[in-house]
Amino acid sequence: MITRMNIANLIAVGFLAACSSQSDAIGAYIASDTDGAMMVQITSADEGKISGTVSIVGAVQDGKNIAGARPFSGTIDGKAINLSIENGTG
């Protein structure tokens, strides 16, 4: 199942590979394991600010599928990023 470590690794690898400039960060970054997949889609990067969506699909132990998406916002400064992912509780 997609874990927090997989999420962190995906975000880190994607940004380190793509962030030679802020506009290079725009795009989709995908990771998967045997039980699920995750996509981080950056839809805007302007003046040090980024935003987009984190989407996850997977299977839990009882075999049921789970899926979800959450918006995020953050800042980017060269290869350093800071993300805030909304947890859906308001």
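**Exercise 1. Describe the turn between β2 and β3, and then the pairing of these two strands.**

Solution. β2 and β3 form a hairpin with two residues between them, and Glu 47 in that turn has a positive phi of about 50 degrees. Strands here, like helices, are DSSP runs numbered from the N terminus, with at least two residues in state E for a strand and at least four in H or I for a helix. The next step is the pairing itself, where two strands count as paired if DSSP finds at least two bridges between them; β2 and β3 pair in the antiparallel sense over 10 bridges. One of the positions to inspect is Ala 45, whose bridge partner in β3 is Ile 50.

The model is a predicted one, in which local features need pLDDT of at least 70 and side-chain atom pairs count only at pLDDT 80 or more, while totals for chains, interfaces and linings use all residues. Residues are numbered from 1 along each chain as its sequence is written, and side-chain values use heavy atoms, with hydrogens and water left out.

**Exercise 2. Place the hairpins within the whole fold, and state which strands lie at the edges of the sheet.**

Solution. Begin with the inventory: the protein has one helix and five strands, and along the sequence these follow the pattern α-β-β-β-β-β. The five strands make an open sheet with antiparallel pairing, in the order β1-β2-β3-β4-β5. Its edge strands are β1 (27-33) and β5 (80-85), each of which pairs on one side only. Neighbouring strands of this sheet are turned by 25 degrees against each other on average, direction ignored, where the axes are lines fitted to C-alpha atoms, for helices over the stretch in contact, and angles run from 0 to 180 degrees between N-to-C directions.

Now look at β1, which forms a hairpin with β2 with two residues between them. Seven bridges join β1 to β2 (residues 36-46), and the two run antiparallel. Ser 32 stands opposite Ala 37 in β2, and Ile 30 stands opposite Met 39 in β2.

**Exercise 3. Identify the largest nonpolar core and the strand that gives the most to it.**

Solution. A nonpolar core is a set of buried Ala, Val, Leu, Ile, Met, Phe, Trp, Tyr and Cys residues joined through side-chain atoms within 4.5 Å. The largest has 10 residues in all, namely Ala 25, Tyr 29, Met 38, Val 40, Ile 42, Ala 45, Ile 50, Val 54, Phe 72 and Ile 76. β2, β3 and β4 (65-77) are the elements that give two or more residues to this core, and β2 gives the most, with four residues.

**Exercise 4. Is Ala 59 buried, partly exposed or exposed?**

Solution. Buried means under 20% relative accessible area and exposed over 50%, with partly exposed in between (1.4 Å probe, protein chains only). Ala 59, in strand β3 (residues 49-59), is partly exposed because its relative accessible area is 24%. Its C-alpha atom is separated by 6.4 Å from that of Gly 36, 23 residues apart along the chain. For the protein as a whole, 26% of the 90 residues count as buried.
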